[in-house]
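Visitor: I would like to learn how to read a structure such as this one, feature by feature. Could we take each idea in general and then look at the case in front of us?

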Amino acid sequence: MAKISYLAMKTDPAASELIASDFKDLGNAAKKLANHAILLVGSGLGFGTSFFKWLAFIAAVYLLILDRTNWKTNILTSLLIPYIFLSLPNVLFNLLRGEVGKWIAIIAVVLRLFFPRRFPDWLELPAALILVIVVAPSLFADTIRGGWVGIIICLIIACYLLQEHIRASGGFRNSFTKTHGISNTVGIILLLVYPVWAFIIKLL
């Protein structure tokens, strides 16, 4: 009996070390799993932000076109220019801020100054957008755009356009039932998606 108990006492430290090593391995595995999960969620959130930026850009361009066709709306379309500037996907923004945008801007300025009759009215706002992108200081292009201030400005513009459109339509119900009202309403609601999403991501 004494021999057996002696053997048990002798092997206990080895067993404890083995258990401690197992727990350490489990802890390391849990840390790796958590890190991978965080990276996965982060990449998913980043994809969501990029997707909603494109969605907001398409909705803003849609409303811009809609306002310049026979489907006249009562929204202040000029506010879509700062909205697009602040929410434009980075790929397009960098492209238009480079040589491509500069060439487009100089051609638009030359046409507007020397050939005003050949410069259609519907090109004024897109040309203004290109000029803003090209000449914007880095404070606006790099700091405000994508930051808290830019997100809040986009949210304010979208909310203002929505309430103005609802008021011009004669109420929330009419904004969905009047002719062409639902297309305008859906377009403006899509403008809200990106700043709301970006605002939530900033809080996380």
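Guide: Let us begin with burial, where a residue counts as buried under 20% relative accessible area, as exposed over 50%, and as partly exposed in between. Please keep in mind throughout that this is a predicted model. With that cut-off, F85 is buried, and F93 is buried as well.

Visitor: Which residues of helix 2 are buried?

Guide: The buried residues of helix 2 are L80, I81, Y83, I84, F85, L86 and S87. Helix 2 covers residues 80-87, and because 7 of its 8 residues are buried, it is largely enclosed by the rest of the structure.

Visitor: F85 has now come up twice, so let me turn to aromatic rings. How is a pair of rings described, and how many aromatic pairs does a search of the whole structure find?

Guide: A pair of aromatic rings is described by the distance of the centres and the angle of the planes. A search of the whole structure finds 5 aromatic pairs. One of them joins W54 and F57 in an edge-to-face arrangement, with 6.2 Å from centre to centre and 80 degrees between the planes. These two residues are 3 residues apart in helix 1, which runs over residues 2-67, so about one helical turn separates W54 from F57. Their surroundings can be read from the accessible areas: W54 is partly exposed at 36%, whereas F57 is buried at 18%. F85 and F93 form an aromatic pair that is also edge-to-face, with 5.6 Å between the centres and 65 degrees between the planes.

Visitor: Which residues are linked into a cluster by ring pairs?

Guide: Ring pairs link F51, F52 and W197 into a cluster.

Visitor: Let us move on to charged side chains. What is the general idea, and how many salt bridges are counted here?

Guide: Side chains of opposite charge can pair when their charged atoms come close. For a salt bridge, the cut-off is a side-chain nitrogen of Lys or Arg within 4 Å of a carboxyl oxygen of Asp or Glu, and by this rule the count comes to 3. In the pair of K102 and E99, the closest N and O atoms are 3.9 Å apart. Both residues belong to helix 4, residues 99-114, and because they are 3 residues apart, about one helical turn separates them. K102 has a relative accessibility of 42% and is therefore partly exposed, while E99, at 51%, counts as exposed.

Visitor: Which salt bridge links distant parts of the chain?

Guide: That is the salt bridge between E124 and R112, whose closest N and O atoms are 3.9 Å apart. The pair links distant parts of the chain, with E124 in helix 5 (residues 124-135) and R112 in helix 4, 12 residues apart. E124 is partly exposed at 36% relative accessibility, and R112 is partly exposed with a relative accessible area of 40%.

Visitor: And how should I read the salt bridge of E164 and R167: what is the distance between the closest N and O atoms?

Guide: The closest N and O atoms of E164 and R167 are 2.6 Å apart. Both residues lie in helix 7 (residues 148-169), 3 residues from each other, about one turn of the helix. E164 counts as buried at 14% relative accessibility, but R167, at 60%, counts as exposed.

Visitor: While we are at helix 7, how can its length be checked, and what follows it?

Guide: At 1.5 Å a residue, the 22 residues of helix 7 should span 32 Å, and the end C-alpha atoms are 32 Å apart, which agrees. Helix 7 is followed by G170, whose phi is positive, near 90 degrees. The buried residues of helix 7 include G150, I151, C154, I157 and A158.

Visitor: C154 is a cysteine, which brings me to disulfides. How many does a search of the whole structure find?

Guide: A disulfide is a covalent bond between the sulfur atoms of two cysteines. A search of the whole structure finds 0 disulfides. As for accessibility, C154 is buried with a relative accessible area of 1%, whereas C159 is partly exposed at 41%.

Visitor: Finally, which residues make the nonpolar surface patch?

Guide: W103, I106, I107, V110, L111, L113, F114 and F115 make a nonpolar surface patch of about 830 Å². Of these residues, W103 lies in helix 4 and is exposed, with a relative accessible area of 57%.

Methods:
Residues numbered from 1 in each chain as written. Predicted model: local features only at pLDDT ≥ 70, side-chain atom pairs only at ≥ 80, totals over all residues. Heavy atoms only, no water. Helix = DSSP H or I, 4+ residues; strand = E, 2+ residues; numbered from the N terminus. Buried < 20%, exposed > 50% of the residue type's maximum accessible area, 1.4 Å probe, protein only. Patch = residues over 30% accessible without salt bridge, like charges linked within 9 Å, V, L, I, M, F, W, Y side chains within 5 Å. Areas by Shrake-Rupley, 256 points an atom, 1.4 Å probe, with all protein chains shown as cover. Disulfide = S-S within 2.5 Å. Expected span 1.5 Å × (residues − 1). Phe/Tyr/Trp six-rings, centres within 6.5 Å; stacked < 30°, edge-to-face > 60°.
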